[in-house]
Amino acid sequence: MFISTAYAQTAPAAAAEGGLQSSLMSMLPIVLMFVVLYFIMIRPQMKKQKEHRSMVEALAKGDEVVTVGGMLGRVSSVGDNQLGLEIASGVEVQIQRHAVAQVLPKGTLK
């Protein structure tokens with residue numbers, strides 16, 4: 001009286017194939033979004049970091065530089081992690097190597 005009739009489902013194998021294909025197709029936009037993100041944001045940032053690292057490693061005495069704080073000066077001494085930066089005649093400050101933002105062309109500072 002309260003028990004309803006149960007019917008068996010047909011063709012479960014065909015439903016499984018369609019389900020796998022639809023799940024792969026639903027993941028495709030997410031995968032494509034990560035690929036685009038890699039080529040637009042991550043790869044250029046890694047390239048910029050590599051260029052900055054090579055610039056900092058190549059610093060030598062006498063180079064004219066700009067720090068990330070905006071100070072301009074001439075490198076007077078080079079250490080492992082620090083630089084001596086002459087910002088005026090007789091005024092020398094110690095900065096960390098990675099704080100150098102840009103190397104200026106020779107003769108920029110007078």
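The following is a short exchange between a visitor and a guide about a predicted model.

Visitor: What should be known about the model before the values are read?
Guide: Local features need pLDDT of at least 70 and side-chain atom pairs count only at pLDDT 80 or more, while totals for chains, interfaces and linings use all residues. Residues are numbered from 1 along each chain as its sequence is written, and side-chain values use heavy atoms, with hydrogens and water left out.

Visitor: Why is His98 called exposed?
Guide: Exposed means over 50% relative accessible area, buried under 20%, and partly exposed in between, with a 1.4 Å probe and protein chains only. His98 has 53% relative accessibility, so His98 counts as exposed.

Visitor: Where is His98 placed?
Guide: His98 is in the loop between β4 (91-96) and β5 (100-104). Strands are DSSP runs of E, at least two residues, numbered from the N terminus.

Visitor: Which residues does His98 touch, not counting residues up to four places away in sequence?
Guide: They are His52 and Val56; a contact means heavy atoms within 4.5 Å.

Visitor: What joins the side chains of His98 and Gln96?
Guide: A polar contact of 3.2 Å joins them. The term requires a pair of N or O atoms within 3.5 Å; within protein, one must be able to donate a hydrogen and the other to accept it, and residues adjacent in sequence count only if both atoms are side-chain atoms.

Visitor: How many of the 110 residues in the chain are buried, as a percentage?
Guide: Buried residues make up 16%.

Terms used. Helices (H or I, at least four residues) and strands (E, at least two) are DSSP runs, numbered from the N terminus.
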